[in-house]
Amino acid sequence: MVDMEKNVEKQLIVRTFEPDMGALKAAARQLRGLSDLGLNLYGQSGEVLIVITARSHAAAAATELTERVAEQLETALGEAAYGRGKGSLAYFAAGELMENEALIAASDSKTGALLAEEFSHTKRGNNVFDFGDSSYSDSRVMAKMKETAAKHFEPGDDAQMAAARAAAASKCARAEVGVSIVGNGVAGKDVYLAVAYKGHVYMRRFPQAQDTGKKAALAALDITRRLMADLPVSAETRVFKANSNFDWDAPVQAKQKNKALVPIIVLAVLLVALIVACWYFLTHFSLFGADSNTAPAGGSSASVSAGAPASTSPV
């Protein structure tokens, strides 16, 4: 009997940003024995798309294979894998912002243009980013952001400038997340990215290159996505207290939320409430009815008939 030709093909895209290429290659080697599987990589500005192609006799089997391989790759790459399908990094970052009912603001028009380029490709962008309407394009807000930021950096210190501007953008534009990119397009200078969130600034430094602006914008979205999802930031990201005179080589460790903490607290409160309820029941209610003739151990009992005088004995 001749085997049916495996002419059903399915594709699935695993989307990553700055993945560990060593871990990716190791995962690919483990999958090399699957003859009905193909992997292709497409990269740009730190973003790496892994296209999984599976062939089988039936669509269901091909789909199952792509999903199984995607899970293996996501496990190997950890938080660097941010989603599947055609959605961009801006799409997934916007989704996390929407879930947290949070907004993101840019500190200036150059930073805003870089973020706007990413958010313009998804309809979700308008829900989380103002495209400058209530921040850098509003002269009054912009003046306030400049005044606020100027208090926390010295001219010429691009790292401090980026951090101060990001914090000012968050405060003055009334957004949960503020972003500033400083030095892009200036020859001979490194580019500093700062993302301000809840009293800290999350910073990256990039060498000047043709695509540095895009890479910094994508890194800002990746940091934002991780912060909103309570995931650790990448190893390349340095954390400092907002509006502090920090040392670039001495970052602090920002505490990440523990997702299990809230249910643990709720469970503990319920357990305490149950113990208190049991204690109250045992100390306020007898196991016997009010009319019981049972006496405590070692005591005596007496009953008097209703309507008859109690008898007395002479002393």
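Here is a short walk through the structure, one selection at a time. Keep in mind that you are looking at a predicted model.

**Stop 1: strand E3 and its partners**

Start by selecting residues 47-56, which make up strand E3. How many of its 10 residues are buried? The count is 9, so the strand is mostly covered, with buried meaning under 20% relative accessible area.

Now add residues 8-17, strand E1. E1 and E3 run antiparallel, and 10 bridges join them. To see where they face each other, pick leucine 12: opposite it, in E3, stands isoleucine 52.

Next, bring in strand E2, residues 37-44. E2 also runs antiparallel to E3, with 8 bridges joining the two. Click on glycine 38 and then on threonine 53, its bridge partner in E3. Follow the hairpin of E2 and E3 round its turn, where 2 residues sit between the strands. One to highlight here is serine 45, which takes a positive phi near 55°.

**Stop 2: helix H3 and a visitor from H5**

Select residues 89-99 for helix H3. Which of its residues are buried? They are Leu89, Ala90, Phe92, Ala93, Ala94, Gly95 and Leu97. After the helix comes glutamate 101, and its phi is positive too, near 55°.

Keep glycine 95 on screen and add valine 128. The two are 33 residues apart along the chain, yet their C-alpha atoms are separated by 8.8 Å. Valine 128 belongs to helix H5, residues 125-128. Is valine 128 buried or exposed? It counts as buried because its relative accessibility is 2%, and the cut-off is under 20%.

**Stop 3: salt bridges**

Time to switch on the charged side chains. Side chains of opposite charge can pair when their charged atoms come close. This structure holds 9 salt bridges, and a few of them are worth a visit.

Zoom in on lysine 214 and glutamate 118, whose side chains meet in a salt bridge at 2.9 Å, N to O. Lysine 214 lies in helix H8 (residues 212-228) and glutamate 118 in helix H4 (residues 109-119), so this pair ties together parts that are 96 residues apart in sequence. Colour by accessibility and you will find lysine 214 partly exposed at 28%, while glutamate 118 is buried at 9%.

Then try lysine 189 and aspartate 158, with their closest N and O atoms 3.4 Å apart. This salt bridge also links distant parts of the chain, 31 residues apart: lysine 189 is in the loop between strands E6 (177-182) and E7 (191-197), and aspartate 158 is in helix H7. Lysine 189 is partly exposed, with a relative accessible area of 36%, whereas aspartate 158 is buried at 11%.

For another pair, select arginine 140 and aspartate 138, which meet at 3.9 Å, N to O. Arginine 140 is exposed, at 68%. Finish this stop with Asp222, Arg225 and Arg226, which are linked in a network of salt bridges.

**Stop 4: the surface**

Turn on the surface view and highlight Lys144, Lys151, Lys171 and Arg174, which gather in a patch of positive charge. Lysine 151 is in the loop between helix H6 (139-150) and helix H7 (158-172). Its relative accessible area is 62%, so lysine 151 is exposed.

For the last selection, pick Leu271, Leu274 and Ile275. Together they make a nonpolar surface patch of about 300 Å². Leucine 271 lies in helix H9, residues 261-284.

Terms used:
Residues numbered from 1 in each chain as written. Predicted model: local features only at pLDDT ≥ 70, side-chain atom pairs only at ≥ 80, totals over all residues. Heavy atoms only, no water. Buried < 20%, exposed > 50% of the residue type's maximum accessible area, 1.4 Å probe, protein only. Helix = DSSP H or I, 4+ residues; strand = E, 2+ residues; numbered from the N terminus. Pairing = 2+ DSSP bridges. Patch = residues over 30% accessible without salt bridge, like charges linked within 9 Å, V, L, I, M, F, W, Y side chains within 5 Å. Areas by Shrake-Rupley, 256 points an atom, 1.4 Å probe, with all protein chains shown as cover. Salt bridge = Lys/Arg side-chain N within 4 Å of Asp/Glu carboxyl O. Lys, Arg positive; Asp, Glu negative; His and termini not counted. Charge placed at Lys NZ, Arg CZ, Asp CG, Glu CD.
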